[in-house]
Amino acid sequence: MIVFAPLGSAGGNLTPTSVIIANANVIETSVSLYQAKSFFGMKQLQWSNGKSVRVFVLADHHLTHINFCKTILNVFPYQLRVAWDRLVFSGTGQSPTQVNSEDEMLSRIANTPNAIGYVSVQKLLEYEQKKTIKVNVIEIREVGHASDSQS
Amino acid sequence: MLVTHNPKGVCIALNLTSAISIWAWLKQGLAIITLFSYSTFSSALDFAEGKGQIHGFITQGLVTSKHNNFYGDSSHGISLDFREVGINGSYRFNTNLLVSAQTLSRRAGEMDDGSLALDYGFVDLRAINTDATTLGFRLGRMKNPYGLYGETRDVATTRPGIIVPQPIYFDRSRKFALSGDGVHLYHRIQTNNGSLNTTLALVDLPINDRGSKSLFIGPNAQGKFDQDSLSKALRILYETDDTRWRGGLSYISASQRYHPIAGDINPPSGSLIEPWIVSLQYSNEQWTLTGEYSQRNTEFTRNQRLIADYIAESWYVQSQYRFAPKWELLLRYDATAMDRSDAKGKRFAASTPSAIPFTRYAQDWVAGVRYDVTPEFMLRAELHSIEGTEWVSPLENPVSSDLNKHWNMFMLMGSYYF
């Protein structure tokens with residue numbers, strides 16, 4: 001049977017269960033949706049203070065990755081993959097660094113200056129209770145303007 | 001490569017031989033999958049804290065066709081002369097400086113001989129680098145900004161099928177639209193509604209490959225094409241903020257001078273090739289619908305006199321349907337007419353006694369399936385049902401009276417990439 005997905009948001013009925021996290025040295029506490037898309041699309045390469053962004057992602061089929069893409073970024077995982085492949089195989093850009101688990105994601109973000117990534121809220125709470133790792137949570141601003149945080 | 005002479009009446013024998021070869025090929029493929037699944041070499045190689053990256057791909061295809069040859073001697077059995085191997089490296093010194101290069105070996109029957117070539121190699125400098133605006137230059141050898149698939153047409157995982165739509169991304173004279181040496185100026189504006197990406201290219205576009213020369217001059221052309229001036233290319237692509245719609249316009253103008261040598265029969269002295277493409281793509285979770293329409297103005301001159309002048313018209317519509325995780329179905333119709341004012345080649349056939357009308361156009365129905373065995377390895381199968389031979393190469397089909405108007409192809413492909 002052929003079913004068209006709804007035209008609205010990529011998330012459909014999914015509720016967001018993931019958050020953007022960054023290394024503790026990142027001064028931003030929020031980004032606009034299109035900035036978040038540009039970071040994870042490997043198009044925006046620096047933070048507002050000019051420091052290079054280091055992007056970490058989970059595997060395309062990881063449930064947290066799927067939830068993050070659809071409910072936070074409003075894109076489908078395959079679209080990010082297509083965009084990265086286009087950059088990588090035309091030489092015009094690079095792909096993000098893929099990590100193998102949410103635990104690895106948290107430790108890489110905590111230990112890599114200027115890093116950005118995402119993790120499930122559940123995993124983040126688990127770590128916050130243990131207080132073993134310090135990362136910043138980055139919120140998505142409701143309305144972003146192109147001139148908000150130019151370098 | 002397996003070449004089986006195929007006299008009439010031994011179809012069963014041929015099919016058996018084909019089946020054995022396909023089985024041998026699949027076994028080889030399975031061995032490769034097994035090898036890679038045990039390997040730790042499963043994703044991009046990052047070094048220097050992610051500043052340096054190495055990526056690559058290896059693709060092997062298999063083609064069997066009824067009547068006309070494509071990617072090798074495919075009409076007499078199975079051609080394995082379809083192989084693409086590439087490796088690239090990039091290093092980001094800082095947010096404004098990137099260096100990248102890719103080498104490619106591509107074997108595609110008589111159209112590409114598999115020799116190693118620098119596919120691209122350039123320095124990318126950004127002058128403006130904010131979240132709203134990017135402006136930069138690339139210097140060196142870059143892939144041409146040409147349609148939706150031009151830059152990565154040789155990377156199987158980025159293609160919509162085993163082969164790119166031939167009417168627009170023609171393989172038989174592919175060097176013309178592939179890459180150029182010179183400078184690109186690129187610009188990106190990002191707003192809440194979407195992003196607008198513009199690339200302007202001023203490059204040298206050599207068309208001295210055998211495929212192009214055999215087409216424009218003749219199968220035994222030995223002379224050399226030179227650029228009159230740098231070729232100009234422009235592409236503007238817009239993507240909506242929700243990434244559902246992508247579309248835009250591409251244009252190239254390439255003017256060449258031909259330097260004949262003794263033996264060339266009545267060669268032209270100059271050529272102008274000028275394609276433009278309109279592209280539109282819609283994507284949702286399960287579907288990607290794509291259409292591109294192109295016209296290509298071609299002019300040949302001899303001693304400042306126009307000797308040939310025609311506008312080719314090409315288009316395709318394509319749907320990709322992700323019906324289950326790891327699976328994708330492809331359905332495509334593509335069509336081209338070398339001269340849009342003589343779409344079925346009738347006038348062409350009437351003008352020359354031995355001319356064949358169906359060499360002037362082609363229409364291809366394509367159905368295919370993609371299966372992602374692992375995130376790094378995929379298999380594809382594809383059926384083509386074709387009328388006309390506009391995009392087959394004279395190098396693979398040297399005797400035009402042997403060409404068939406109606407023909408079909410079956411293709412299989414495995415590709416590993418990291």
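Modeller: Two strands pair if DSSP finds at least two bridges between them, a strand being a DSSP run of E of at least two residues and a helix a run of H or I of at least four, both numbered from the N terminus. This is a predicted model, where local features need pLDDT of at least 70, side-chain atom pairs count only at pLDDT 80 or more, and totals for chains, interfaces and linings use all residues. Residues are numbered from 1 along each chain as its sequence is written, while chains are lettered from A and ligands numbered from 1 in the order in which they are written.

Biologist: What makes β15 (residues 287-302) and β16 (residues 305-324) of chain B a pair?

Modeller: They are joined by 16 bridges and run antiparallel, so the requirement of at least two bridges is met. One bridge couples B:F300 to B:A308 in β16(B). The hairpin has 2 residues between its strands, and B:N303 there has a positive phi near 50 degrees.

Biologist: How do you know that β16(B) also pairs with β17 (residues 327-337) of chain B?

Modeller: DSSP gives 10 antiparallel bridges, so the criterion holds again. B:V317 faces B:Y333 of β17(B). Here too 2 residues lie between the strands, and B:K326 has a positive phi near 80 degrees.

Biologist: Why is α3 (77-90) of chain A called a helix of expected span?

Modeller: The expected span is 1.5 Å times one less than the number of residues. With 14 residues, α3(A) reaches 20 Å from first to last C-alpha, close to the 20 Å expected. A:G91 follows α3(A), with a positive phi near 80 degrees.

Biologist: Which residues of α3(A) are called buried, and what do they pack against?

Modeller: Buried takes 20 or more other C-beta atoms, placed from the backbone, within 10 Å of the residue's own (12 or fewer is exposed, in between partly exposed). A:P77, A:Q79, A:L80, A:A83, A:W84, A:L87, A:V88, A:F89 and A:S90 qualify. They pack against elements of both chains, including α1 of chain A and β14 (270-283) of chain B.

Biologist: How many residues of chain A are in contact with chain B?

Modeller: Contact requires C-beta atoms, placed from the backbone, within 7 Å. By that rule 34 residues of chain A touch 39 of chain B. α3(A) supplies the largest share of the chain A side, 6 residues.

Biologist: What makes a set of residues a nonpolar core?

Modeller: Its members are buried Ala, Val, Leu, Ile, Met, Phe, Trp, Tyr and Cys residues joined through C-beta atoms within 7 Å. The largest has 74 residues, and A:A22 is among those touching the most other members. Beyond four places in sequence, A:A22 contacts A:I109, A:A115 and A:I116, among others.

Technical notes
Contact = placed C-beta atoms within 7 Å.
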